[in-house]
Amino acid sequence: MNQQIEVSNLIVRYGHHLVLDRVTFSIKKGDYIGLVGANGSGKTTLVKALLGLVPIEQGIIKFENSTLKKGYLPQIALTNDSLFPAEVKEIVGIGLLSDKKRPKIINKEDQKKIDDILERLNIMPLKNKRIGDLSGGQQQRVLLARAMVNKPEVLILDEPTSALDPRVREDFYKLIHEINTIDGTTIVLVSHDLGSVQKYAKKMLVLDREVVFYDEVSKFTSSFGHDHFHLDGEA
Ligand SMILES: Nc1ncnc2c1ncn2[C@@H]1O[C@H](COP(=O)(O)OP(=O)(O)OP(=O)(O)O)[C@@H](O)[C@H]1O
């Protein structure tokens with residue numbers, strides 16, 4: 001199999017509500033896929049299905065190998081509660097716990113992994129700070145560090161920039177671009193920000209319960225045109 005992930009005829013339903021209908025596509029190592037679609041089109045459900053977080057009614061999700069590591073930056077609200085008692089190093093450390101057996105303890109080797117990712121993302125000075133004392137852009141980097149501390153081969157980001165101001169947003173996109181081009185990590189980015197997806201992603205997957213379009217970004221522009229397609233919340 002020369003694909004890293006193959007999704008075939010995936011059907012997901014919440015109760016009677018059909019949310020994903022025969023979704024079929026594949027992802028190659030090093031791809032950068034922009035996953036777009038209107039509110040409620042099934043984007044978050046699709047990434048949760050890739051992560052094994054929602055039950056699948058029908059279809060198959062095949063991974064290149066059973067140990068393929070995936071990092072996830074979920075769609076979350078940032079906090080400005082400076083009393084929230086979690087420090088950056090603790091939050092990043094959470095990313096190491098899922099692979100551990102009990103007792104789940106952060107050891108010396110883990111501390112090194114935490115330091116390495118903080119360095120890589122240029123946030124080492126934040127290591128001992130409380131998350132609620134950080135700016136939105138800094139918090140998002142910390143959550144990215146948590147998703148990346150285990151060195152995932154595939155990084156899945158669900159609307160990571162929606163709470164960020166435009167300049168910080170651009171910096172974040174550049175960082176993700178670098179993680180894709182320099183580190184070779186596969187990226188799946190859910191976004192309403194069509195402009196940035198077109199600028200940075202290699203492929204675009206347009207979802208509306210089923211796959212409406214999946215191809216190179218350049219083909220999206222020529223086959224759909226900007227006016228033809230309206231995404232709710234588009235910047
Ligand atoms: N846990 C759940 N139980 C029941 N219905 C759900 C659940 N999660 C999502 N849905 C419904 O499934 C549909 C798809 O939701 P999903 O969050 O995947 O869409 P989305 O494309 O990510 O939307 P958005 O752009 O608003 O984040 C929506 O109609 C939503 O209301």
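Two strands count as paired here if DSSP finds at least two bridges between them. With that in hand, I opened this predicted model and went to the sheet.

**Entry 1, the sheet.** I looked up Ile5 and found that its bridge partner in β4 is Phe63. Strand β1, residues 5-14, pairs with β4 over five bridges, in the antiparallel sense. I then traced the whole sheet: it is open, has three strands in the order β2-β1-β4, and its pairing is antiparallel. The edges are held by β2 (17-27) and β4 (58-63); each has a single partner strand, so one side of each has no neighbour in the sheet. I also checked the twist: ignoring direction, neighbouring strands are turned by 20° against each other on average.

**Entry 2, the helix on the sheet.** Next I asked myself which strands α1 touches. Helix α1, residues 43-50, packs on the sheet and touches β1, β2 and β4. Its direction makes about 60° with that of β2.

**Entry 3, a helix pair.** Then I moved along the chain to α4 (residues 136-148) and α5 (residues 166-181). They pack at an angle of about 20°, and their axes are 10 Å apart. Angles under 35 degrees count as roughly parallel, so α4 is roughly parallel to α5. The crossing of α4 past α5 is right-handed.

I wanted to know which residues make this contact. From α4 I noted Gly136, Gly137 and Gln140, and from α5 Val168, Asp171 and Phe172. Sorted by class, the contact of α4 with α5 has two nonpolar, three polar and one charged residues.

Methods. Residues numbered from 1 in each chain as written. Predicted model: local features only at pLDDT ≥ 70, side-chain atom pairs only at ≥ 80, totals over all residues. Axes fitted to C-alpha atoms, helices over the stretch in contact; angles between N-to-C directions. Helix = DSSP H or I, 4+ residues; strand = E, 2+ residues; numbered from the N terminus. Parallel < 35°, antiparallel > 145°, perpendicular 65-115°, else oblique. Left-handed = near helix turned anticlockwise from the far one by under 90°. Contact = placed C-beta atoms within 7 Å. Nonpolar A, V, L, I, M, F, W, Y, C, P; charged D, E, K, R; others polar.
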